[in-house]
Amino acid sequence: MYPRIAWAEARTGERIIVSNVSVIPMDVAGVIAGRDIVIADGRIAAILPHGESVAEPGDERVDGSGLFVMPGLWDMHTHIAASDNASAPNPADLPPDIARMLITDRLARYLRHGVTGVRDLGMRRDLLPLAAELRARRDLPHMVYAGPLIDGSPVPWSSGLEIHLERPEDAAALIAELAGEGIDFVKVYNRVTPEVFAAVTAAARDNGLPVAGHIPFAVSTRDAVAAGMTWIEHGYVNLFKDCTEAGNSAMTSVLGAWMEGGYEARYRRFDALYAGRDATACRALYSEMGEAGVFVAPTPHLDLPLDLFVGEVELAELSPAARASCATGLGQFADIPADLRARMIANLTEHYRELRAAGVRFLAGSDAPTDCQGYGRSLHQALEFFVRLGLTPHEALATATVNPALALGREDIGRVREGARADLLFLSANPLEDIANIHAVAAVMLGGAWVGQAAQPR
Ligand SMILES: [Zn+2]
């Protein structure tokens, strides 16, 4: 099931020809060097051997020599309207103009990093009108969003983004109302009961909405997938809890260890669950997920010590308040022993390999602004980490391009080919050779228009 997406259409008008670029199409492997790309009416009108494009009066012609062009990236797990530190109010509680400015600034940051689309995994319901307004704008990234999380009984660490749904008989009306308010998919959360989960997935289906989220603590992975939950967030223990002895209590046991003994205890519990799993049963489960067409946004920074991901450069991307609380919070990871770190990286690498071998497709997600993740750069970093965890650079880039297009059922994004939207990222170095080159943003185009004034190459 695909969301019915209502984003702004590409602009029409002048043609742009970018000549002599190296194309990274993403729907096929490799690089095609020496091409002229013709952009018209917000789309890629033609991709020609260099020199074969003919400029007409009024066309803008740009020398793309030395540049690589790939599809604009998608951050498939973000929260554009969450507060970025514990002391900041939710944007819904700010004056409307301030909230609009804050969220617009975040989306503009995304664009400057070559992120031309985002999937939002939870914002307060009273922000849905603002979200609808912003996604109708042509100068901001495409947005698909879940609106409020659907959760069960309130918990102490409530984020305020959720609606508590405790009676299955209330699900149909709620989901229909949210569909009317413009959500593109439904996000379920940890504390939903099996009965409410069944009612929510049925209501989502009735409204033509995909179901995403955390696999609820009380629902097995197999049952969640069978009920039609094909977009799974975060993963790791949630993805293999069925093939551990702990079963559905695996996730709560990890959280319990964390509450009692901090991060080292949390990672040790992860490690013990992983080591004790029934690997054959796990692979059978992953195959069922692959056959069901499951997409996972694994957000590896949640499963590894955060100080691997956040240093000076990353802190500098955050708001001053978030920077201050992150700088302090990172101290919690200082004592995690090197051998435990190495084992966790090895576990995750193997886990990812088995999921991919079973046909489970990965989506890149930053989970910004939580866990010190800034908007934009942290997505680049997520791609770098995928490579560190065993994906090839092409597989990593696919998690932010072709895989999002497949998840959203769109053939006109996530690829550089004739007819696709001209949502393009121009890099000054080849990310297939070194994934770190994803940071080398030279220019960004959204719907056939250059983003920013200085962004235009040369
Ligand atoms: Zn999230």
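These exercises work through one predicted model, from the whole chain down to single residues.

Residues are numbered from 1 along each chain as its sequence is written. Because the model is predicted, local features need pLDDT of at least 70, side-chain atom pairs count only at pLDDT 80 or more, and totals for chains, interfaces and linings use all residues.

**Exercise 1. The whole chain**

Find how many helices and strands the chain has, and decide how its radius of gyration compares with the globule rule.

Step 1. Count the elements. Helices (H or I, at least four residues) and strands (E, at least two) are DSSP runs, numbered from the N terminus. The chain has 14 helices and 18 strands.

Step 2. Check the size. The radius of gyration is taken over C-alpha atoms, and the globule rule is 2.2 Å times the number of residues to the power 0.38. The chain's value is 22 Å, close to the 23 Å that the rule gives for 458 residues, so the chain is as compact as a globular protein of that length. Its C-alpha trace spans about 70 × 50 × 45 Å along the principal axes.

Step 3. Look inside. A residue is buried if 20 or more other C-beta atoms lie within 10 Å of its own, exposed if 12 or fewer, and partly exposed in between; the C-beta atoms are placed from the backbone. Buried residues are 48% of the 458.

Step 4. Look at contacts. Two residues are in contact if their C-beta atoms, placed from the backbone, lie within 7 Å. Take the contacts between residues at least 6 apart in sequence: 72% of them join residues at least 24 apart.

**Exercise 2. Two domains**

State which residues form each domain, then describe the side of domain 1 that touches domain 2.

Step 1. Set the bounds. They come from an automatic or database domain assignment. Domain 1 is 16-71 + 415-450, and domain 2 is 73-408.

Step 2. Place them. Their centres, taken over C-alpha atoms, are 31 Å apart.

Step 3. Count the contacts. 18 residues of domain 1 are in contact with 19 residues of domain 2.

Step 4. Name the suppliers. On the domain 1 side, β5 (68-71) and β17 (441-446) each supply at least two residues. β17 gives the largest share, three residues.

Step 5. Sort by type. Ala, Val, Leu, Ile, Met, Phe, Trp, Tyr, Cys and Pro count as nonpolar, Asp, Glu, Lys and Arg as charged, and the others, Gly among them, as polar. The domain 1 side has 13 nonpolar, two polar and three charged residues.

**Exercise 3. An open sheet**

Give the strand order of the sheet that holds β6, β7 and β8, and explain why β6 and β8 are edge strands.

Step 1. Find the pairs. Two strands pair if DSSP finds at least two bridges between them. The order is β6-β7-β8, with parallel pairing.

Step 2. Find the edges. β6 (73-78) and β8 (142-145) each have a single partner strand, so one side of each has no neighbour in the sheet.

Step 3. Zoom in. β6 and β7 (residues 115-120) are joined in the parallel sense by four bridges. Here D75 is opposite V118 in β7.

**Exercise 4. Partners of β5 and β16**

Trace the pairing from β1 through β5 and β16 to β17.

Step 1. Start at β1 (residues 16-23). This strand pairs with β5 in the parallel sense over two bridges. V23 has V69 as its bridge partner in β5.

Step 2. Move to β16 (residues 424-427). β5 and β16 run antiparallel, with four bridges. M70 is partnered by L425, and F68 by L427.

Step 3. Finish at β17. Four bridges join β16 to β17, again antiparallel. F426 is opposite A443.

Step 4. Check the side chains. In a regular strand they alternate between the two faces of the sheet. In β16, L424 and F426 point one way, L425 and L427 the other way, and all are buried.

**Exercise 5. Buried or exposed?**

Classify M289 and E9.

Step 1. Take M289, in helix α8 (residues 279-291). M289 has 23 C-beta neighbours inside 10 Å, so this residue counts as buried. Beyond its neighbours within four places in sequence, M289 is in contact with V225, V294, A358 and V360.

Step 2. Take E9, in the segment before β1. E9 has 11 C-beta neighbours inside 10 Å, so this residue counts as exposed. The C-alpha atoms of E9 and R138 are 7.0 Å apart, with their places 129 residues apart along the chain.
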